[in-house]
Amino acid sequence: MKKTFSITSIFILLTFSILNINSCSNRDDTVSCFPSTPISVNLNLNLAAYNNLNFVGGWIYVDEQQSGTRGLIVVRTADNPASFKVYDRNAPHICPENNTTLEVKDGLSIICPKDNATWILLSGQPTTGSSLPPKTYFWNYDAATKNLSLYN
């Protein structure tokens with residue numbers, strides 16, 4: 001009885017220790033050399049430059065002040081309610097170089113020109129070459145004014 005209690009106690013202690021270690025670990029969503037810059041952009045979807053964002057699957061590049069070091073990719077993912085994804089154009093899995101700016105390919109995927117890593121445009125899910133999704137940012141959409149705010 002005493003030996004069973006001791007083994008059970010050790011097993012429970014070990015289990016809680018492992019769970020505690022895993023719960024406190026910090027999984028980075030990008031490589032450690034990923035640039036950290038403020039994101040603060042407002043887009044008026046009534047303007048022709050942003051018209052693609054009025055349709056599901058429509059996307060644009062945003063290369064304005066305060067849109068990161070290489071800009072953003074914004075895609076509309078749903079209509080009711082309106083939903084968007086805002087991706088950083090820096091590759092999340094390798095340190096920034098001249099050819100690591102993410103690009104949209106065929107309106108369906110995002111690709112890194114350096115190593116051909118790809119992600120699904122609408123979800124950011126990795127498909128080849130990387131286990132990390134592109135870094136995403138927050139957004140807020142006012143349907144009445146069609147104003148889309150992007151921020152971190």
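User: Which side chain makes a polar contact of 2.7 Å with the side chain of Asn 90?

Analyst: Happy to start there, bearing in mind that this is a predicted model. Asn 90 sits in the loop between β4 and β5 (103-105), and its side chain has a second polar partner, Arg 70, at 3.1 Å. The contact at 2.7 Å is made with the side chain of Thr 69.

User: Is Asn 90 buried or exposed?

Analyst: Its surroundings include Phe 34, Pro 35, Pro 96 and Leu 102, with which Asn 90 is in contact. For the verdict itself, the cut-off for buried is under 20% relative accessible area. Asn 90 has 1% relative accessibility, so this residue counts as buried.

User: How many disulfides does a search of the whole structure find, and which residues are joined?

Analyst: A disulfide is a covalent bond between the sulfur atoms of two cysteines. The search of the whole structure gives 1 disulfide. The sulfur atoms lie 1.8 Å apart, and the residues joined are Cys 33 and Cys 95.

User: Where in the chain are Cys 33 and Cys 95, and how many residues apart are they?

Analyst: Cys 33 belongs to the loop between α1 (2-24) and β1, while Cys 95 belongs to the loop between β4 and β5. The bond therefore links distant parts of the chain, with a separation of 62 residues.

User: Is that disulfide left-handed or right-handed?

Analyst: The quantity to look at is the torsion about the S-S bond of Cys 33 and Cys 95. That torsion is about -105°, so the disulfide is left-handed.

User: Which residue touches Leu 43, Leu 45, Val 74, Phe 84 and Leu 148?

Analyst: Those five are listed with the most contacts inside the largest nonpolar core, which has 18 residues. Strands supplying at least two residues each to this core include β1 (40-44), β3 (72-78) and β10 (147-151). The residue that touches the five, along with others including Trp 59 and Ile 60, is Leu 53.

User: And how many residues are in the other core, the one with Tyr 87 and Leu 102?

Analyst: That core lies apart from the largest one. Ala 91 and Ile 110 are also among its members, and its size is 11 residues.

User: What is the C-alpha to C-alpha distance between Ser 131 and Ala 117?

Analyst: Ser 131 is in the loop between β8 (126-128) and β9 (138-142), and counts as exposed because its relative accessibility is 66%. In sequence, Ser 131 and Ala 117 are 14 residues apart. In space, their C-alpha to C-alpha distance is 9.4 Å.

Definitions and conventions:
Residues numbered from 1 in each chain as written. Predicted model: local features only at pLDDT ≥ 70, side-chain atom pairs only at ≥ 80, totals over all residues. Heavy atoms only, no water. Core = buried A, V, L, I, M, F, W, Y, C linked by side-chain atoms within 4.5 Å. Buried < 20%, exposed > 50% of the residue type's maximum accessible area, 1.4 Å probe, protein only. Helix = DSSP H or I, 4+ residues; strand = E, 2+ residues; numbered from the N terminus. Contact = heavy atoms within 4.5 Å. Polar contact = N/O pair within 3.5 Å; in protein donor to acceptor, adjacent residues only side chain to side chain. Disulfide = S-S within 2.5 Å. Lists of a residue's contacts leave out its neighbours within four places in sequence.
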